[in-house]
Amino acid sequence: MARRLIVLTEGYSNPINAKTAVSVIRYRPGDVVAVLDSAFAGKTASDLLGIGGDIPVVGSIEQAPVADTLLVGIAPQGGKLPAGMRQAVLAAIQRGMTIESGLHEFLADDPEFAAAAAEHGSQLIDVRRNRERDVAKREGIDERCLRIHAVGNDCCVGKMVVSIEVADALKAKGHDAVFVATGQTGIMIAGSGCPIDCVVSDFINGASEKLVLAHQQHEIMVIEGQGSLAHPAYSAVTLGLLHGCMPDGLIVCYEVGRTHVNGLEHVPLKSLEEIIRANEAMANLMHPCRVIGVAMNSRLCTPQQAEIEREQVRARLSLPVCDVYRHGADELADAVLRLQREIGKGV
């Protein structure tokens with residue numbers, strides 16, 4: 001049953017910090033009744049986030065249309081709830097609303113929130129909370145299912161979006177494809193998945209393998225990536241996921257114009273060539289795999305700049321290249337189907 005969501009972005013209404021809000025609005029627009037940011041009350045979601053049409057931006061829970069869930073729509077570095085959001089969360093709890101959060105800081109562990117929730121019958125859902133305690137066993141893998149995995153040269157480059165769009169493009173072509181979520185926003189959209197970046201390190205490979213086992217009844221699975229092998233903070237998560245899901249093919253994601261690691265501006269990004277070599281080398285330790293395409297995020301480019309970049313990267317790498325928003329995902333979906341034919345999976 002569809003829920004009625006208020007998406008909380010208070011003070012963090014930009015495409016990077018509010019990426020959870022942007023993606024939920026993009027892929028579940030019928031569920032969202034309002035965005036909450038008091039500094040922009042009276043505007044629309046489209047004004048604020050560039051998506052969502054005339055979904056209203058409100059200044060408080062009291063000003064919002066009737067809703068049953070407050071969704072924390074931000075993914076800040078460190079994963080803590082900003083102090084400026086506490087009042088809105090408490091107001092929603094006092095109305096008996098469900099609170100859904102993908103933060104690393106669990107709301108249910110907050111004494112004030114927990115007490116208020118118990119008093120008012122509110123449910124606190126921490127999407128990243130998990131009990132994964134299985135190691136990878138390499139048993140029961142069905143090799144008829146084609147496994148595609150989105151990787152990146154950095155975090156926040158669009159790996160989740162690319163995974164969803166490629167899976168949807170494959171479905172539109174008549175194939176049984178499924179998007180497999182590995183992060184909090186993807187889980188909120190898909191309704192299932194595993195928050196890989198919050199799994200104890202010994203069990204990341206096993207949790208990733210469990211996702212494969214849970215979805216291998218499909219012809220093709222497209223598995224969302226996390227972080228980057230070259231990211232100083234998140235490479236361990238990336239490698240465990242890569243080894244655990246044992247992909248047949250990789251789609252490399254990057255943002256045009258970004259030169260340094262997001263949040264670590266003193267650390268330069270590796271070239272796409274280096275990222276491709278590293279990911280193929282690491283993946284092939286577990287299972288034969290190669291990069292089949294490149295997804296460019298050209299959100300900061302003009303259409304002309306995006307086309308020039310696309311052709312230059314195609315020439316450099318001899319791979320299909322597209323921005324799934326500007327060009328659609330058909331070129332990458334066709335690359336997936338070529339790989340499927342070449343290795344004889346599911347056909």
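Q: What makes Ile220, Met221, Val222 and Ile223 of strand β9 count as buried?
A: Buried means under 20% relative accessible area (exposed is over 50%, partly exposed in between; 1.4 Å probe, protein chains only). These four residues of β9 meet that cut-off, so they are called buried. Ile220 and Val222 point one way from the strand, Met221 and Ile223 the other way. In a regular strand the side chains alternate between the two faces of the sheet.

This is a predicted model: local features need pLDDT of at least 70, side-chain atom pairs count only at pLDDT 80 or more, and totals for chains, interfaces and linings use all residues. Residues are numbered from 1 along each chain as its sequence is written, and side-chain values use heavy atoms, leaving out hydrogens and water.

Q: Why is β9 called a strand?
A: Strands are DSSP runs of E with at least two residues, and helices are runs of H or I with at least four, both numbered from the N terminus. β9 covers residues 220-223, so the run is long enough for a strand.

Q: How do you know that β7 and β9 pair?
A: Two strands pair if DSSP finds at least two bridges between them. β7 (residues 146-152) and β9 have four, in the parallel sense. The cut-off is met, so they pair. Ile148 has Val222 as its bridge partner. β8 (residues 177-180) also pairs with β9 in the parallel sense over four bridges, with Val180 opposite Ile223.

Q: What makes the 50 residues a nonpolar core?
A: A nonpolar core is a set of buried Ala, Val, Leu, Ile, Met, Phe, Trp, Tyr and Cys residues joined through side-chain atoms within 4.5 Å. The largest such set has 50 residues, and Ile148, Val166, Leu170 and Ile220 have the most contacts inside it. Helix α5 (residues 159-172) gives the largest share, eight residues. A second, separate core of 28 residues includes Leu36, Val58, Ala88 and Met97.

Q: Why are α9 and α10 called oblique, parallel or perpendicular to each other?
A: Under 35 degrees is roughly parallel, over 145 roughly antiparallel, 65 to 115 roughly perpendicular, and the rest oblique. α9 (residues 272-284) and α10 (residues 303-317) pack at about 50°, with axes 11 Å apart. That angle falls in none of the named ranges, so the pair is oblique.

Q: What makes Leu272, Glu273 and Ile276 of α9 meet the definition of contact with α10?
A: Contact means heavy atoms within 4.5 Å. These three meet Val313, Arg316 and Leu317 in α10, so they count as contacts.

How values were computed: Axes fitted to C-alpha atoms, helices over the stretch in contact; angles between N-to-C directions.
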